[in-house]
Every structure is written in structure tokens, then in C-alpha cells.
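Grab your viewer and work through a few exercises on the structure below. Try each task yourself before reading its solution.

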Amino acid sequence: MWKSVAANGISFLIVALIALAGVIGWGQHQFEAEGPLDQPVFYEVPRGASLSEVSAGLEEAGAITNAMIFRLGTEYADRAGDLRFGNYEIPAGASMAEILDIVTTGGPSTFRYLATYVLRIDGTGELRLRERVPGEEALRELADFSYDDEIPAIYRELVESDSINFYRVAIPEGLTSWQIVEGLNRADFLTGEVTEIPPEGMLAPDTYEMRRGADRNELLAQMQEAQAAILAEAWENRVDGLPLASPEEALILASIIEKETGVPEERRQVASVFVNRLNRGMRLQTDPTVIYGITNGQGVLGRGIRASELRAETPYNTYVIDGLPPTPIANPGRAAIEAALDPDETPYVFFVADGTGGHAFAETLAEHNENVARWRQIEAERANQ
């Protein structure tokens with residue numbers, strides 16, 4: 001009898017093992033098979049969420065068919081502790097195995113809503129709100145507005161629902177430190193009171209990424225650190241023979257170059273003009289420095305420079321003073337800094353606007369006067385249109 005019982009037990013065990021193997025095989029097939037999504041979706045892994053919570057959330061979102069299989073497959077792969085907080089795009093038909101890769105080691109998260117705050121020269125800024133649509137490369141435009149305007153309802157609703165996780169702050173080249181601080185102070189998504197304007201020229205123009213609630217002072221510190229690194233690298237790689245005694249003087253010259261031209265191809269030519277004038281003991285005679293002396297870098301002048309202002313003896317009037325002004329007049333970008341320390345080799349000591357957005361360069365005063373006359377003619381023709 002005992003032999004019969006033992007035989008039956010062994011038979012049952014074998015059947016159970018076969019059934020278990022079948023279940024495991026089925027589960028593995030389900031884990032690696034094409035998923036149920038017929039179109040991409042966004043899914044957010046909440047901060048601190050457990051594997052069970054993420055598994056249930058994915059099933060509820062329709063990204064997987066069985067939360068238990070996803071959880072067991074993740075545990076079997078020993079990746080339960082690898083879940084990364086963020087908002088991810090799950091492609092159509094993604095398998096559980098592919099989704100696991102996305103929410104663990106799949107790279108940076110892709111936020112559905114993107115708010116880019118672009119600072120302006122008048123100390124304000126424009127917030128551009130965009131939405132990523134799953135499966136589409138182009139961003140959908142939701143709103144563009146200034147904080148001086150009425151705040152769009154869509155933005156208020158998304159903020160109240162905590163749906164905007166990711167912000168960008170775009171700092172254009174050539175803004176003054178005051179203009180940057182004023183713009184940051186208007187941003188509703190930043191915190192912290194700025195009690196002191198950073199040194200002129202020491203904020204690196206760039207696009208900075210952050211979450212809502214980021215501290216303004218920490219952002220400014222990041223910008224100063226970046227600018228210091230850019231300046232140090234450019235100074236280390238400077239060409240010989242420059243009439244610049246220190247990185248600080250290079251930054252001053254770079255700020256003037258930044259304000260004189262917005263044409264990338266011209267920066268080194270403009271730099272060569274100023275370097276040539278400094279080497280020859282000629283005054284720089286550049287309008288942006290005069291304007292800075294009038295406005296102190298706060299706002300914009302909003303009118304032409306008066307003849308009396310060109311004669312006024314101020315530290316920033318390069319029609320009157322020799323050499324460089326005492327400080328930068330704006331925050332130059334990397335390209336302007338590199339141009340100041342590696343200018344083109346040219347004979348030019350003059351330049352004037354040419355009507356195309358660029359400048360006409362000249363070696364002699366006679367040539368320069370001809371270029372000025374052409375520019376005056378273009379101005380007159382435009383005024384009569």
C-alpha cells in the first residue's frame with residue numbers, strides 16, 4: 001500500500017512541477033510579449049512609489065495586462081529597487097520587459113508639460129507653455145504670456161493640479177545682471193529673495209532646467225559658477241599679444257562685443273577692431289558703454305544718445321576715457337568671451353551698421369566715413385517708407 005501511496009505522490013509532484021513550469025513559461029511569455037497599448041501614453045512613477053504601486057498604476061493606465069506578472073518579473077530580474085521617479089512615454093505595443101527598462105534604466109524622464117521662461121531685455125520675461133503629445137515629435141503650443149499680462153487659465157489649472165513638473169529658464173546673451181534678477185523675481189515657479197545683484201558679467205547666458213520651487217539664489221550661483229569656468233578656460237587658451245591684463249579685462253571686452261553685434265560670424269571681427277584700437281592707444285568709442293553709464297544696466301534707454309551724453313565724463317563713456325570701462329556692461333556668452341581672447345587678425349579699426357543686421361568694417365577713417373554715409377542714406381530711406 002505504501003508503495004502505491006509513494007507512487008501516487010511522485011506522480012502528483014511531477015504533474016505539479018510540469019504545471020508550475022507551464023505557468024512560469026506562460027508568465028515569461030506574457031512578460032516579453034507585445035503589450036496592449038495601441039498608442040503611446042505618458043506614465044508617471046511617483047516619488048517613493050513601491051513596486052506594487054507602480055505595477056497597479058501601469059495596469060490601470062492600460063500599459064500592461066497583469067500587475068502581478070509585471071511585479072514578479074521585476075523581482076525575478078532583481079530590479080525592484082531600480083525604479084526611477086519621473087514621467088515617461090510608454091510606446092505603443094511596449095512589452096512589460098521594455099516598460100521595465102524605461103522606468104528603471106531607460107534614461108531621463110520625459111515630462112508631458114514643458115514651461116520655458118525666456119527673460120527679456122526690459123527685466124521681464126515670457127513663459128512659453130508646451131505639451132508633449134505621445135508619439136509626436138512636435139510640441140503642442142498651449143500658451144505664451146508675460147507675468148504682467150493676465151495669467152492664462154490653462155496655466156493656472158496645471159499649476160493647481162501640480163501637473164507642470166519641469167521648467168526651463170532661458171537667459172539670452174547680453175542681458176545685464178539687474179535685468180536677469182528682475183526677470184527671475186517675476187517668475188512664480190521660483191522661490192527665495194535675491195538681496196544682492198551679482199557682479200556684472202558673471203552670469204552665464206544659457207538655458208537652465210529646474211523643478212518648481214527652485215531657489216533663485218541657487219540658480220544665480222549656478223550661473224556664476226558656469227561663467228567662471230567658461231572665462232577660466234577661455235583665458236587659459238587665449239592667443240598671445242592681447243592688450244588684456246587679466247580675465248576681468250577680457251570679460252569687459254567680451255561684454256562690449258556682445259552688445260555690439262548679434263551676428264555670430266562677426267564676433268571675432270568686432271573683437272579685432274577693439275583689440276587693434278587698444279593696441280594703438282585709440283579710444284574704443286562704442287555706444288553701448290555710454291548707454292550703460294546712463295542706465296546703470298537697469299532697463300533700456302529707449303531713445304537715442306544725446307550729443308551731451310557723448311561728451312559727458314563718466315567712467316563708461318569710451319568716447320572720453322582711454323581703454324576699457326571699469327566693469328562689464330552686460331553678461332556675455334561663451335562665444336563673445338572666446339572672441340575677445342581669440343580675435344580675427346584684421347587691419348580694421350572702424351565699423352558701422354550696414355543695414356543688413358551686420359556691419360561694414362574699415363581700415364581708414366575715409367573708408368569709414370563712406371560706410372557711415374551709406375548707413376545714413378539707408379536710415380533716411382527707411383524713415384520715408
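What follows is a set of five exercises, each with a worked solution.

This is a predicted model, so local features need pLDDT of at least 70 and side-chain atom pairs count only at pLDDT 80 or more, while totals for chains, interfaces and linings use all residues. Residues are numbered from 1 along each chain as its sequence is written, and side-chain values use heavy atoms, with hydrogens and water left out.

**Exercise 1: the pocket**

Task: work out how big the largest pocket is and which elements line it.

Solution. Start with the idea: rolling a probe the size of a water molecule over the atoms shows where empty space is left. Here a pocket is an open set of points on a 1 Å grid over the protein atoms alone, where a 1.4 Å probe fits, with protein on both sides within 12 Å along at least five of seven lines; lining residues have an atom within 4 Å of a point. Grid points are joined across faces, edges and corners, and the volume is the space filled by probe spheres set on the points.

Step one: the volume comes out at about 650 Å³.

Step two: count the wall. The lining has 22 residues, and Gln285, Asp287, Tyr319, Phe351 and Val352 sit nearest the centre.

Step three: assign them to elements (DSSP runs numbered from the N terminus, helices being H or I with at least four residues and strands E with at least two). At least two residues each come from H8 (247-260), H9 (267-279), H10 (287-295), E10 (350-353) and H13 (365-383). H13 gives the largest share, with five residues.

Step four: sort by chemistry. The split is 12 nonpolar, four polar and six charged, where nonpolar covers Ala, Val, Leu, Ile, Met, Phe, Trp, Tyr, Cys and Pro, charged covers Asp, Glu, Lys and Arg, and polar takes the others, Gly among them.

**Exercise 2: salt bridges**

Task: find which parts of the chain the Arg186–Asp148 salt bridge ties together, then look at two further pairs.

Solution. A salt bridge needs a side-chain nitrogen of Lys or Arg within 4 Å of a carboxyl oxygen of Asp or Glu. By that rule there are 16.

Step one: in the Arg186–Asp148 bridge, the closest N and O atoms are 2.5 Å apart. Arg186 belongs to H6 (177-186) and Asp148 to the loop between E5 (139-146) and H5 (153-160), so the bridge joins parts 38 residues apart in sequence.

Step two: check accessibility (relative area under 20% is buried, over 50% exposed, in between partly exposed; 1.4 Å probe, protein chains only). Arg186 is partly exposed at 32%, and Asp148 is exposed at 51%.

Step three: Arg168 and Glu209 bridge at 3.5 Å, N to O. This links distant parts of the chain, E6 (166-170) and E8 (207-210), 41 residues apart.

Step four: Glu338 and Arg334 bridge at 3.9 Å. Both lie in H12 (334-341), four residues apart, about one turn of the helix.

**Exercise 3: unusual phi**

Task: which sign does phi have at Gln285 and Asn296?

Solution. Most residues other than glycine have a negative phi, and most peptide bonds are trans. Gln285 has a positive phi of about 50°, and Asn296 has a positive one of about 60°. Next, place them: Gln285 is in the loop between H9 and H10, while Asn296 is in the loop between H10 and H11 (307-311). Gln285 is partly exposed at 38%; Asn296 is exposed at 51%.

**Exercise 4: a buried glutamine**

Task: is Gln227 buried or exposed, and what does it touch?

Solution. Gln227 is in H7 (216-236) and is buried, at 0% relative accessibility. Its contacts (heavy atoms within 4.5 Å), not counting residues up to four places away in sequence, include Met202, Leu203, Leu251 and Ile337.

**Exercise 5: aromatic pairs**

Task: how are the rings of Phe274 and Phe351 arranged?

Solution. Rings of Phe, Tyr and Trp (its six-membered ring) pair if their centres lie within 6.5 Å; planes under 30 degrees apart are stacked, over 60 edge-to-face, and the rest tilted. The whole structure has nine such pairs.

Step one, a warm-up: Tyr117 and Tyr147 are edge-to-face, at 5.6 Å centre to centre and 65° between planes.

Step two: Phe274 and Phe351 have centres 5.7 Å apart and planes at 80°, so they are edge-to-face too. Phe274 lies in H9 and Phe351 in E10, so this pair ties together parts 77 residues apart in sequence. Phe274 is buried at 1%, and Phe351 is buried at 14%.
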